[in-house]
Amino acid sequence: MLKSYYNADAIEAGLDEVGRGCLAGPVVAAAVILPKHYTHPILNDSKQLSHRQREILKKDIERDALAWAVAEVSHEDIDRINILKASFLAMHRAVDRLIIKPEHLLVDGNRFTPYPMIPHTCIIKGDSHYLSIAAASVLAKIYRDELMEQLGREFPAYGWAKNVGYPTPIHRAAIREFGPTKYHRMSFRLL
C-alpha cells in the first residue's frame with residue numbers, strides 16, 4: 001500500500017519524470033498535489049500498470065488532485081544542458097504550473113536541483129512508495145507516450161508508437177538505415 005504523504009504538516013507535491021533514457025523526444029515531468037489522506041485501489045508506479053489502468057488513473061488523478069501539472073524540456077534543450085539538468089528543469093516547470101503552491105516536494109530519485117524556497121525530499125523508487133509520486137509518474141508517462149505516438153506518425157519507421165523513443169532494436173535499426181530525425185537527441189549515443 002502506497003503512503004498518502006511524507007510530511008503530514010505540509011502541502012506536498014509529488015514529482016516524477018519520464019523519458020530520461022530515450023534517444024528521441026522531450027523529457028516530461030509531472031507534479032501532483034493529492035488530498036492529504038487520499039487512497040486509490042490501483043494507483044502505483046506507472047511502469048507496473050497496463051495502458052488501460054493508466055488511462056483510468058489519469059481521469060481519476062485529474063479529477064481528485066488538488067492541483068496537477070505536466071511540463072516538458074525539448075530534445076534541443078537536452079542536448080544543450082544535458083539530460084539530468086533537463087529532467088530537473090522539467091520538474092521545476094511542472095511545479096511552476098501548479099495552481100496551488102506546495103510547501104514540500106517529494107521527488108522520485110536520489111538527486112534534485114533545489115526549487116527556490118520549497119524544501120524537497122528525494123525518494124529512491126518513490127513512485128512505488130508514495131501516491132503523489134505515482135500519480136505524477138502516470139500523468140507524465142501518458143503525456144509523453146501520446147506525444148511520441150504523434151511524432152511517430154511523421155517518422156513511422158522508428159516505432160515510436162510502441163517504443164516511445166527508447167533504444168529498442170527496431171529504433172536503432174531505423175537510425176542505422178535512415179539516420180536520426182529532427183527529434184533525436186544528438187548528444188546521446190544513437191547507435
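## A tour from the sheet to the pocket

Select Ala30 first: it stands opposite Val70 in strand E3. This is a predicted model, so treat each stop as a feature of a prediction.

**Stop 1: the strands around Ala30.** Now widen the selection to strand E2, residues 27–33. E2 and E3 run antiparallel, and 7 bridges join them. Strands of a sheet pair through backbone hydrogen bonds, either parallel or antiparallel.

**Stop 2: the whole sheet.** Show the 5 strands together. They form an open sheet in the order E3-E2-E1-E4-E5, and the pairing is mixed. Which strands stand at the edges? Select 67–73 for E3 and 120–123 for E5. Each has a single partner strand, so one side of each is left without a neighbour in the sheet. Look along the sheet as well: from one strand to the next, the twist averages 20°.

**Stop 3: the helix across the sheet.** Add helix H3, residues 83–97. What does H3 lie across? Its path crosses E1, E2, E3 and strand E4 (104–108). Against E3, H3 runs at about 145°.

**Stop 4: the annotated site.** Select Asp16, Glu17 and Asp108. The UniProt annotation "binding site", from an unreviewed entry, covers these residues. They span 93 residues in sequence, yet no two of their C-alpha atoms are more than 7.9 Å apart, so they gather at one spot. The lining of the largest pocket takes in Asp16, Glu17 and Asp108. To place one of them in the sheet, pick Asp16: this residue is in strand E1.

**Stop 5: the largest pocket.** Stay where you are and show the pocket surface. Its volume is about 460 Å³. Which residues come closest to the centre? Of the 23 lining residues, they are Asp16, Glu17, Lys47, Asp108 and Asp127. Next, colour the elements that give two or more residues to this lining: strand E1 (12–18), helix H3 (83–97) and helix H4 (131–154). Then colour the lining by residue type. It divides into 7 nonpolar, 6 polar and 10 charged residues.

**Stop 6: the annotated domain.** Finally, zoom out and select residues 10–191. The unreviewed UniProt entry annotates this stretch as "domain: RNase H type-2". How much of it is helix, and how much is strand? Over residues 10–191 the chain is 41% helix and 16% strand. Select the two end C-alpha atoms of this stretch to finish: they are 46 Å apart.

Note on methods
Residues are numbered from 1 along each chain as its sequence is written. This is a predicted model: local features need pLDDT of at least 70, side-chain atom pairs count only at pLDDT 80 or more; totals for chains, interfaces and linings use all residues. Side-chain values use heavy atoms; hydrogens and water are left out. On a 1 Å grid over the protein atoms alone, a cavity is a set of points where a 1.4 Å probe fits but cannot get out, and a pocket is an open set with protein on both sides within 12 Å along at least five of seven lines; lining residues have an atom within 4 Å of a point. Grid points are joined across faces, edges and corners, and a volume is the space filled by probe spheres set on the points. Helices (H or I, at least four residues) and strands (E, at least two) are DSSP runs, numbered from the N terminus. Ala, Val, Leu, Ile, Met, Phe, Trp, Tyr, Cys and Pro count as nonpolar, Asp, Glu, Lys and Arg as charged, and the others, Gly among them, as polar. Two strands pair if DSSP finds at least two bridges between them. Axes are lines fitted to C-alpha atoms, for helices over the stretch in contact, and angles run from 0 to 180 degrees between N-to-C directions. Contact means heavy atoms within 4.5 Å. UniProt positions are given in the numbering used here, feature names are shortened, and annotations may be inferred rather than shown by experiment.
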